[in-house]
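Subject: Structure for your review

Dear colleague,

Please find below the structure that I am passing on to you. I would be grateful if you could read the notes after it with the coordinates open.

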Amino acid sequence: MKFRPCIDLRGGKVVQIVGSTLETKGTITNFEAEESPLHFAGRYRRDGLTGGHVIQLGAGNEIAAREALAGYPQGMQIGGGINPENAQVYLDAGASHVI
């Protein structure tokens, strides 16, 4: 069995949201972690988990995303708000790929 880790970011915090609710006015958050994105990325790195990704759920997550990428350089992909103008910034920050 293969586990692919994910760090979903909303408002700069690591969250878990309910399925497609991000697309509605009533986005429902199941969980908001007290730990930083760096904490989770470091755990994934320590545990040897590969193929994971950081997803920016809306604006305002850029600093948190770069923090997560720094915690696991070349170990996580990034998506959400990525475009030709900013893709290189995230690759330089440690993303293995941009989504």
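The notes below go from the overall fold to the core, then to one helix and one strand residue.

Please bear in mind throughout that this is a predicted model.

Overall fold. The protein chain contains three helices and five strands. Read from the N terminus, these elements follow the order β-β-β-α-β-α-β-α. Of the 99 residues in the protein chain, 37% are buried. Among contacts with a separation of 6 or more, 53% join residues that lie 24 or more positions apart. The protein chain exposes about 5900 Å², and carbon and sulfur atoms supply 52% of that area.

Nonpolar core. The largest nonpolar core comprises 20 residues, and those with the most contacts inside it are I7, L9, Y44, V54, L69, M76 and I78. At least two residues of this core come from each of β1 (6-10), α1 (37-46), α2 (62-71), β5 (76-79) and α3 (87-92). The largest share, four residues, is supplied by α2.

L9 may serve as an entry point for inspecting the contacts. Setting aside residues up to four places away in sequence, L9 touches V14, V15, P37, V54, I55, Q56, L57, N61, A64 and A65.

Helix α1. Which residues of α1 are buried? They are P37, F40, A41, G42 and Y44. Of these, P37 also appears among the residues touched by L9, and Y44 is listed with those that have the most contacts inside the largest nonpolar core. The cover over the buried residues of α1 includes β1, β2 (13-17), α2 and β5. After α1 comes G48, which has a positive phi, near 70 degrees.

Residue E32. This residue belongs to strand β3, which spans residues 29-32. Is E32 buried, exposed or partly exposed? Its relative accessible area is 49%, and E32 is therefore partly exposed, since the exposed class begins over 50%. Leaving aside neighbours within four places in sequence, E32 is in contact with K13, V14 and V15. Two of these partners, V14 and V15, are also touched by L9. A further residue to view alongside E32 is I17: the two are 15 residues apart along the chain, and their C-alpha atoms are separated by 8.8 Å.

Yours sincerely,

A colleague

How values were computed. Residues are numbered from 1 along each chain as its sequence is written. This is a predicted model: local features need pLDDT of at least 70, side-chain atom pairs count only at pLDDT 80 or more; totals for chains, interfaces and linings use all residues. Side-chain values use heavy atoms; hydrogens and water are left out. Buried means under 20% relative accessible area, exposed over 50%, partly exposed in between (1.4 Å probe, protein chains only). Contact means heavy atoms within 4.5 Å. Accessible areas come from the Shrake-Rupley method with a 1.4 Å probe; for residues, only the protein chains shown count as cover. A nonpolar core is a set of buried Ala, Val, Leu, Ile, Met, Phe, Trp, Tyr and Cys residues joined through side-chain atoms within 4.5 Å.
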